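Trainee: I have a model open on my screen and would like to learn how to read it. Could you walk me through it, feature by feature?

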Amino acid sequence: MAGLTQHPILGTNDTIKEEEEEQEFDQTKPLSLDKAEGQTEKDMAPVTGSSIHRSGSRPQLDLSKAAIQGTFEERDPTILLPNQSDHLSHLALDIGGSLIKLVYFSRHEDQSIDDKRKKTLKERLGISNGSRRSYPVLGGRLHFVKFETTKINECLDFIYSKQLHRGGMDARIWNPDAPTNENAVIKATGGGAYKFADLFKERLGVGLDKEDEMNCLVAGANFLLKAIRHEAFTHMEGQKEFVQIDQNELYPYLLVNIGSGVSMIKVDGEGKFQRVSGTNVGGGTYWGLGRLLTKCKSFDELLELSQRGDNRTIDMLVGDIYGGMDYSKIGLSASTIASSFGKTISENKELEDYRPEDISLSLLRMISYNIGQISYLNALRFGLKRIFFGGFFIRGHAYTMDTISFAVQFWSKGEAQAMFLRHEGFLGALGAFMSYEKHGLDDLMVHHLVERFPMGAPYTGGKIHGPPLGDLNEKISWMEKFVRKGTEITAPVPMDPPGTTGLGGFEVPSSKGGTLRSDASALNIGVLHLVPTLEVFPLLVDPKTYEPNTIDLSDHSELEYWFTVLSGHMPDLVDKAVASEGGTEDAKRRGDAFARAFSAHLARLMEEPAAYGKLGLANLLELREECLREFQFVDCYRSIKQRENEASLAVLPDLLVELDSMSEETRMLSLIEGVLAANIFDWGSRACVDLYHKGTIIEIYRMSRDKMHRPWRVDDFDVFQKRMFGSGDKKPRPHKRALLFVDNSGADVVLGMLPLARELLRRGTEVVLVANSLPALNDVTAMELPEIVAEAAKHCDILRRAAEAGGLLVDAMVSNLDGSKGNSSSVPLMVVENGCGSPCIDLRQVSSELAAAAKEADLIILEGMGRALHTNFNARFKCDALKLAMVKNQRLAEKLIKGNIYDCVCRYEPVS
């Protein structure tokens, strides 16, 4: 959950309740390969590898150089893309027997700022703008929406209401006189693309350009596995574990698509795949037999029944055959299933004598175990270690995933893994979208996509139904009604009865805690922001093993503690947010909605920590900032930051005079002390907020300085000083370029980091101040820094000349203390944005300008708890690194450095 574009407009994620009522397809039309296995020998022949079909019937859709975001009014996951021309159909569909999946494109105006400072910075760092287009650069989003096929008219109404068949509402607004394309077609896949083609033509006036279903499925899977960091996960005993797959080692793999029937596809690369096997025993078998035997009205109802079932009343176990004993000679325990439904043979009972819950569970076990076994045998046949399962049969059902996983693990003796995809429901629709020419998605890397989890309606448990939300007001109204009714945000979690049993040859998977969620993967699909300008920080020693989070929230007690901290901070944060918007009634209403939304996020994550992917403290902190932005609180601490900046700048000249009176080595110690002391100004820390009520900013700063007694809890200052000044007559060369990752506004940056930057400049080192792209708490942003530097430069020649050389004073009115022109030979002071809007930073996803600045850097200084402790405390770099922070949380101090609150960290790690 890291990097951001400059002006995020957040989307919503949703998993709509799916009723798997199978539709009667026209037998004269081609069926999905997953529909049945009753085919001719020709039909059963493996599909030879072929490239994804690129139809020339559509205008070219240009998603290159894109930046994906979602909007708060949209109801499902979105991907943002720029550089798009007008008059295009921006919609693709996967129309199955149970669900219709839509992927559609909408535009968003490019609001990037290309001022003189940016231009100067790009020239100095050698950043190219790339090719420019003759028409205005536009931005956009990819949205993902589901409808039940039985409610196809709702789907058609949705498309019409947004004018998606005519290029979208934004196209109508921007160019209302654009002629309607009478020959417009939409990319579509699935059996319904044939069945409902006439209906689309009649209702919307568009044709459906049919794309091969398997091509689309594979293309969608390849994209997701390459581009999304935590896309794949294993599921054992009710526990998810996310798997990071190196895209260079992705192929070959087996893709098992479990629809009504099952297709098994060996994927060897882009456009290279074969359908190597399958079975006619699949989701349709489970639903069909289940409907006959239990009278259930929907697939979901059948799954829900299985959660309360006990298969021992129906299945014949090894213990039933051997008088309750194990058959230990061949490794079978008494609880192993010897024969599914076998016990019904010898019992004098009729169908109505058996509980529907037990029948459903026995059916689910029988089918899931056999699919898992057949899949592994095919993987063994081709020497494949990775097996990915998808299709409507899976749909996030925890017990289904567990039974398949245990089958694969057992038969492979642990050598193969069953894996599942978080976005698997949209594979076909995404693949159909990619069949447009020049879609631009093929070139994306994992660091280009950022996943976010905004609130939405219907909310992402799939239990709340409603129309797509048109604006923030509608969203807030929906949330108010939702909470007022006391509606559960997630469905109740049924208990899995103890003592249930496993498949022939191994024990039943047992759930930790005795429960298994029926909707374990609900809420797992977020908003995919495509940001091609994000890059991996080039100075990481090993990006593959880099883990930004220092605090692992897999420990439930740790998770509970930090949830309590965030919940406790919320009232003060809401007050600041409302005040930042003038305290209006509208602001109060939005503040209340934010509090409800973020509380819902915390409740969901407390219930299922893996719901949003791999969870660390940095993810939680960023989730809070994203939630604030979702309700249009752009900068909650704006006035506080301005006030603290002014107070700090007022005393800066006296501080600089005091520093200049010291010797070099004494001054360096005083500067590091100043950085640590000034880092106390952190509105994200409850202890620090309490301090602010007891004195002015200058009083608190001086108090903090007075307590700066060495040795600090982590104290590498002497080693750092030796690198800076050497020993004896041997003087080391100065660093060429230093990256200073700054933290808070006010005293932290003005009285702490700016004087340190000034000292480095004095020594001939180029300095790059690295700040947030977007506001987060009271952190200073890259947009705010030039003005702060310009004010500081009025009182310091060193800062003035460096700021002029770095292009920071292009538009600033700065008094020339000595009346001379800027010294062109001065080393530059530059400012770059880091690419994110969080108190922490994930260095796997940073801005292109930071990545460019890093290429010549030989010193990194990470300052503050968020960037040096919560994240990156254990990060290793290809250059010298100094990590500076005051610990403002007692638990973190104890856990990380075995110290106490207000202890200091000065950790110096020279390049090896």
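Mentor: Happy to; we will go from the whole chain to sheets, a helix, the cores and two asparagines. This is a predicted model, so a word on rules: local features need pLDDT of at least 70, side-chain atom pairs count only at pLDDT 80 or more, and totals for chains, interfaces and linings use all residues. Residues are numbered from 1 along each chain as its sequence is written, and side-chain values use heavy atoms, with hydrogens and water left out.

Trainee: How many helices and strands does the protein chain have?

Mentor: Helices (H or I, at least four residues) and strands (E, at least two) are DSSP runs, numbered from the N terminus. By that count the protein chain has 29 helices and 26 strands.

Trainee: What share of the residues is buried?

Mentor: Buried means under 20% relative accessible area, exposed over 50%, and partly exposed in between, with a 1.4 Å probe and protein chains only. Of the 912 residues in the protein chain, 61% are buried. Contacts add to that picture, a contact being heavy atoms within 4.5 Å. Among contacts with a separation of 6 or more, 76% are between residues 24 or more positions apart.

Trainee: How do I read a sheet, and which strands stand at the edges?

Mentor: Start with pairing: two strands pair if DSSP finds at least two bridges between them. One open sheet of seven strands runs in the order β8-β7-β15-β14-β9-β10-β11, with mixed pairing. Its edges are β8 (239-243) and β11 (272-279); each has a single partner strand, so one side of each lacks a neighbour in the sheet. On average, neighbouring strands here are turned by 35° against each other, direction ignored. That angle is taken between lines fitted to C-alpha atoms.

Trainee: What does β8 look like up close?

Mentor: In a regular strand the side chains alternate between the two faces of the sheet. For β8, the covered face holds Lys240 and Phe242, while Gln239, Glu241 and Val243 lie on the uncovered one. Strand β7 (residues 232-236) runs antiparallel to β8 and is joined to it by five bridges, with methionine 236 opposite glutamine 239. Two residues lie between the strands of this hairpin, and glutamate 237 takes a positive phi near 50°.

Trainee: Which strand shows the opposite case, with both faces covered?

Mentor: Look at β20 (residues 737-741): five of its five residues are buried, so the rest of the structure largely encloses this strand. Arg737, Leu739 and Phe741 are on one side, Ala738 and Leu740 on the other. β20 belongs to an open sheet of seven strands ordered β19-β26-β25-β24-β20-β21-β22, where β19 (714-715) and β22 (829-833) are the edge strands. β20 pairs in the parallel sense with β21 (residues 766-771) over five bridges, and four bridges join β20 to β24 (residues 859-863), also parallel. In β24, isoleucine 861 is the bridge partner of leucine 740.

Trainee: Which residues touch the most other members of the largest nonpolar core?

Mentor: In soluble globular proteins, nonpolar side chains tend to be buried together. A nonpolar core is a set of buried Ala, Val, Leu, Ile, Met, Phe, Trp, Tyr and Cys residues joined through side-chain atoms within 4.5 Å. The largest one has 61 residues, and Ile672, Leu740, Leu769, Leu829 and Ile861 touch the most other members. Helix α24 (residues 747-762) gives the largest share, ten residues. Apart from this core lies another of 57 residues, including Val145 and Phe158.

Trainee: How do I check a helix such as α7?

Mentor: Compare its span with the expected one, 1.5 Å times one less than its number of residues. For the 15 residues of α7 (residues 213-227) that should be 21 Å, and the end C-alpha atoms are 21 Å apart, which agrees. In α7, 14 of the 15 residues are buried.

Trainee: And the two asparagines: is each buried or partly exposed?

Mentor: Asparagine 619, in helix α18 (residues 617-630), counts as buried at 10% relative accessibility. Asparagine 370, in helix α12 (residues 356-382), counts as partly exposed at 34%.

How values were computed:
Axes are lines fitted to C-alpha atoms, for helices over the stretch in contact, and angles run from 0 to 180 degrees between N-to-C directions.
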